[in-house]
Amino acid sequence: MVYERIKQQMMDTLPFVRLLGIRIDEIGNGTAKVSMPEDPKLNNHLGTQHAGALFTLAETASGAAMAGGFADLIVGLRPVAKESRIQYQKVAKGATRAEGRVPGDLAALKAELKTAGKVAFPVEVDIFDAAGTLAAQVQVDWYLSEKRA
């Protein structure tokens with residue numbers, strides 16, 4: 001399955017993600033679910049998940065959702081996260097999970113990529129803590145272009 005190959009490729013090439021214990025649990029057509037364990041090394045001064053760890057969790061979910069949406073083309077693309085915004089809602093207690101999704105029309109984005117050789121679009125991510133509380137909302141703007149020879 002192409003999504004399993006993408007998941008494996010991401011885990012093989014993102015050592016920082018592995019360092020934090022982040023797992024890519026699921027990749028779909030423009031969607032992804034990732035998780036991060038409860039670990040005291042990932043905590044802040046309040047004993048809750050550190051903002052930097054939460055951001056990395058969200059960025060990973062956004063990249064997996066982006067790659068899932070362009071699964072049939074991703075090998076020939078050069079993805080770059082251009083800009084990110086994070087809104088912290090509540091402290092994240094315990095293990096966390098993030099759900100990413102490409103909110104746009106994937107067919108239209110692929111058509112733009114084919115015509116222009118590049119495309120930019122947002123990926124939205126919600127982060128939940130162990131109790132299911134919405135801890136943060138994140139938007140990562142991705143820029144895809146064809147790989148240079």
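## The β5–β6 hairpin and its neighbour

Strands β5 (residues 118-128) and β6 (residues 134-146) run antiparallel, with 11 bridges joining the two. One place to see the pairing is Lys-118, whose bridge partner in β6 is Ser-145. Keep in mind that this is a predicted model. Between the two strands of the hairpin sit five residues, and Gly-132 takes a positive phi there, near 85 degrees.

On to another partner of β5. Strand β4 (residues 96-101) is joined to β5 by five bridges, again in an antiparallel arrangement. If you want a spot to click on, Gly-100 stands opposite Val-125 in β5.

## From β4 to β2 and β1

β4 also pairs with β2: the two run antiparallel and six bridges join them. Here Met-36 stands opposite Thr-96 in β4.

β2 (residues 31-36) in turn pairs with β1 (residues 23-28), in the antiparallel sense and over five bridges. Arg-23 stands opposite Ser-35 in β2. The β1–β2 hairpin has two residues between its strands, and Gly-30 takes a positive phi near 85 degrees. Put the pairings side by side and you can walk from β1 to β2, from β2 to β4, from β4 to β5 and from β5 to β6.

## Helix α3

How far apart are the end C-alpha atoms of α3? They are 27 Å apart, and that agrees with the 27 Å its 19 residues should span at 1.5 Å a residue.

As for burial, 15 of the 19 residues of α3 are buried, so the rest of the structure largely encloses this helix.

## One aromatic pair

The count of aromatic pairs comes to one. The pair is formed by Phe-70 and Phe-121, with 5.3 Å centre to centre and 25 degrees between the planes, and it is stacked. Why stacked? The angle of 25 degrees falls in the range that counts as stacked, because the cut-off is under 30 degrees.

What does the pair tie together? Phe-70 lies in the loop between α3 and β3 and Phe-121 in strand β5, so the contact links parts that are 51 residues apart in sequence. Both rings belong to buried residues: Phe-70 has a relative accessible area of 0%, and Phe-121 comes in at 4%.

## Loop residues worth a look

Ala-71 is in the loop between α3 and β3, where Phe-70 also lies. Is Ala-71 buried or exposed? It is buried, with a relative accessible area of 12%, which puts it under the 20% cut-off. Its C-alpha atom is separated by 6.8 Å from that of Val-2, although their positions lie 69 residues apart along the chain as a sequence separation.

Leu-46 is in the loop between β2 and α3. This one is exposed, at 56% relative accessible area. Leu-46 and Val-91 are 45 residues apart along the chain, with 8.9 Å between their C-alpha atoms. Gln-89, in the loop between β3 and β4, is partly exposed at 39%. For Gln-89 and Arg-78 the sequence separation is 11 residues, and the C-alpha to C-alpha distance is 32 Å.

## The largest pocket

The largest pocket has a volume of about 500 Å³. The elements that give two or more residues to its lining are α1 (2-13), α3 (51-69) and β3 (77-88). Which of them gives the most? That would be α1, with six residues.

In total, 20 residues line the pocket, and Ile-6, Gln-9, Met-10, Ala-67 and Ile-74 lie nearest its centre. By class, the lining has 13 nonpolar, four polar and three charged residues.

Technical notes. Residues are numbered from 1 along each chain as its sequence is written. This is a predicted model: local features need pLDDT of at least 70, side-chain atom pairs count only at pLDDT 80 or more; totals for chains, interfaces and linings use all residues. Side-chain values use heavy atoms; hydrogens and water are left out. Two strands pair if DSSP finds at least two bridges between them. Helices (H or I, at least four residues) and strands (E, at least two) are DSSP runs, numbered from the N terminus. On a 1 Å grid over the protein atoms alone, a cavity is a set of points where a 1.4 Å probe fits but cannot get out, and a pocket is an open set with protein on both sides within 12 Å along at least five of seven lines; lining residues have an atom within 4 Å of a point. Grid points are joined across faces, edges and corners, and a volume is the space filled by probe spheres set on the points. Ala, Val, Leu, Ile, Met, Phe, Trp, Tyr, Cys and Pro count as nonpolar, Asp, Glu, Lys and Arg as charged, and the others, Gly among them, as polar. Rings of Phe, Tyr and Trp (its six-membered ring) pair if their centres lie within 6.5 Å; planes under 30 degrees apart count as stacked, over 60 as edge-to-face and the rest as tilted. Buried means under 20% relative accessible area, exposed over 50%, partly exposed in between (1.4 Å probe, protein chains only). The expected span of a helix is 1.5 Å times one less than its number of residues.
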